Amino acid sequence: MTALQVQGKAARQAERTLAVASAAVKNQALEAIARALLDRQEDILAANAQDMEDGRANGLSEALLDRLALSPQRIEGMVEGVRQVAALPDPIGQVKHMERRPNGLIIGKRTVPLGVIGIIYEARPNVTVDAAVLCLKSGNAVILRGGKEAFRSNQALTEIMRQALEESGLPRDCVALVQDTSRQSAQEMMALTEYLDVLIPRGGRGLIRSVTENARVPVIRTGEGICHIYVQAQADLQMAAEIVYNAKCSRPSVCNAAECLLVHQGVAEQFLPMAQAFLQGKHVELRGCPRTREILGPSVVPATAEDWDTEYGDYIMAVKVVNDTQEALDFINRHGTGHSEAIVTNNYRVAQRFLDEVDAAAVYVNASTRFTDGFEFGLGAEIGISTQKMHARGPMGLEELTSTKYIIYGSGQVR
């Protein structure tokens, strides 16, 4: 057996124990993980410092380094996420529906874990903890395969969680980290049908498409985020400028950051200079359509067709002036990835039309796309933002990591 198959077999065995663990046992394990992360944060930060040093040496962009970086504050955020998940109701064992059939059979549906979940992700060590605790609370074992850029950080975090699990009386193999970060290990994971029940990719467009197109294990597609802000003719322009700045600049490396700004022609001459003034604070590079360049001048890079379909993950924003709301809707539905879209307007009817006609997991009126997040939605940590429509859509919390099974009570019925 390969190393990954050994991990898969161990995870399957561990999952059988975890699947029937009580809420109290799971919560005790999560609290042990939270304490261990705080107690051993110096070990985590030391491992992360090595990853950061290697990242700089290898020329990682500032946006990717931001994804990779850990700090005492970010570790505290991880711990808060763990404790929020522990405080949530146990999603397993809930009877969704129960009825008596004419033949006397009592048939119901009960929530159960998905089983063993595989997660392939990039330079985001916080995903290691978020994914593990959500899987643990929902009764699922998890095999994590992070990127090479964060390997030391992920290794430290995983080992801390495994020890905490063991000390809490649960199998340490409920959480495992793939030790090989080569492309070959990712390909092997995509074919690990004997041990994995579902595979979740979390990262950039290239990773997500590779997993979606090549995996034999069922996939939940997450994270690909080409998000738009549409500033409509009847928008509060000061509000719009603040929303655009937040959506682009608060953390440009994440999937809910805005990548494209659409501006109604009726307010373009007034609004675009306002938006540019805000964005210059973070030296955002604008790539604009011809009308945008007419208004803002040669400092704006001419946009190409590729720009409308690019998830930059950086201080870059595509800008297009549109004739009307119909053009904005058509543009978003053509170039968006189904993640998060926003309109800024004081026109109620236009806002409702936008909510109705935009095809995305999260659609906003007068708010930043940066709120598409499990923590902000009250779900605790999240395992990703699903951009598909089957089973799970939007921030994936505990409920999205469950399935159901029918339970049937009889009294001797035969057919």
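Start by selecting helix α11, residues 265-279: this helix lies across strands β7, β8 (258-264), β9 (285-288) and β11 (316-322), and runs at about 145° to β8. Keep in mind as you look around that this is a predicted model.

Now show the strands underneath your selection. They belong to an open sheet of seven strands with parallel pairing, in the order β10-β9-β11-β8-β7-β12-β13. Colour β10 (301-302) and β13 (362-365) to find the edges; each has a single partner strand, so one side of each is left without a neighbour in the sheet.

Next, zoom in on β7 (residues 227-231) and β12 (residues 340-344), which pair in the parallel sense over four bridges. Pick Tyr230 and look across to β12: which residue is its bridge partner? The partner is Ile343.

Time to visit some helices. Select α2 (residues 23-39) together with α5 (residues 72-87); they pack at an angle of about 170°, and their axes are 9 Å apart. The two helices are therefore roughly antiparallel to each other. Show side chains where they meet: the α2 residues include Leu30, Ala34 and Leu38, while those of α5 include Ile75, Val79 and Val82. By class, this contact has nine nonpolar, one polar and three charged residues.

Finish at helix α1, residues 3-19. Its 17 residues should span 24 Å at 1.5 Å a residue, and the end C-alpha atoms are 24 Å apart, which agrees. Highlight its buried residues, among them Leu4, Ala11, Glu15 and Leu18. What do the buried residues of α1 pack against? Look for α2, β3 (116-121), α6 (125-137), β4 (141-145), β5 (175-177) and α8 (183-190).

Note on methods:
Residues are numbered from 1 along each chain as its sequence is written. This is a predicted model: local features need pLDDT of at least 70, side-chain atom pairs count only at pLDDT 80 or more; totals for chains, interfaces and linings use all residues. Side-chain values use heavy atoms; hydrogens and water are left out. Axes are lines fitted to C-alpha atoms, for helices over the stretch in contact, and angles run from 0 to 180 degrees between N-to-C directions. Angles under 35 degrees count as roughly parallel, over 145 as roughly antiparallel, 65 to 115 as roughly perpendicular and the rest as oblique. Contact means heavy atoms within 4.5 Å. Ala, Val, Leu, Ile, Met, Phe, Trp, Tyr, Cys and Pro count as nonpolar, Asp, Glu, Lys and Arg as charged, and the others, Gly among them, as polar. The expected span of a helix is 1.5 Å times one less than its number of residues. Buried means under 20% relative accessible area, exposed over 50%, partly exposed in between (1.4 Å probe, protein chains only). Two strands pair if DSSP finds at least two bridges between them.
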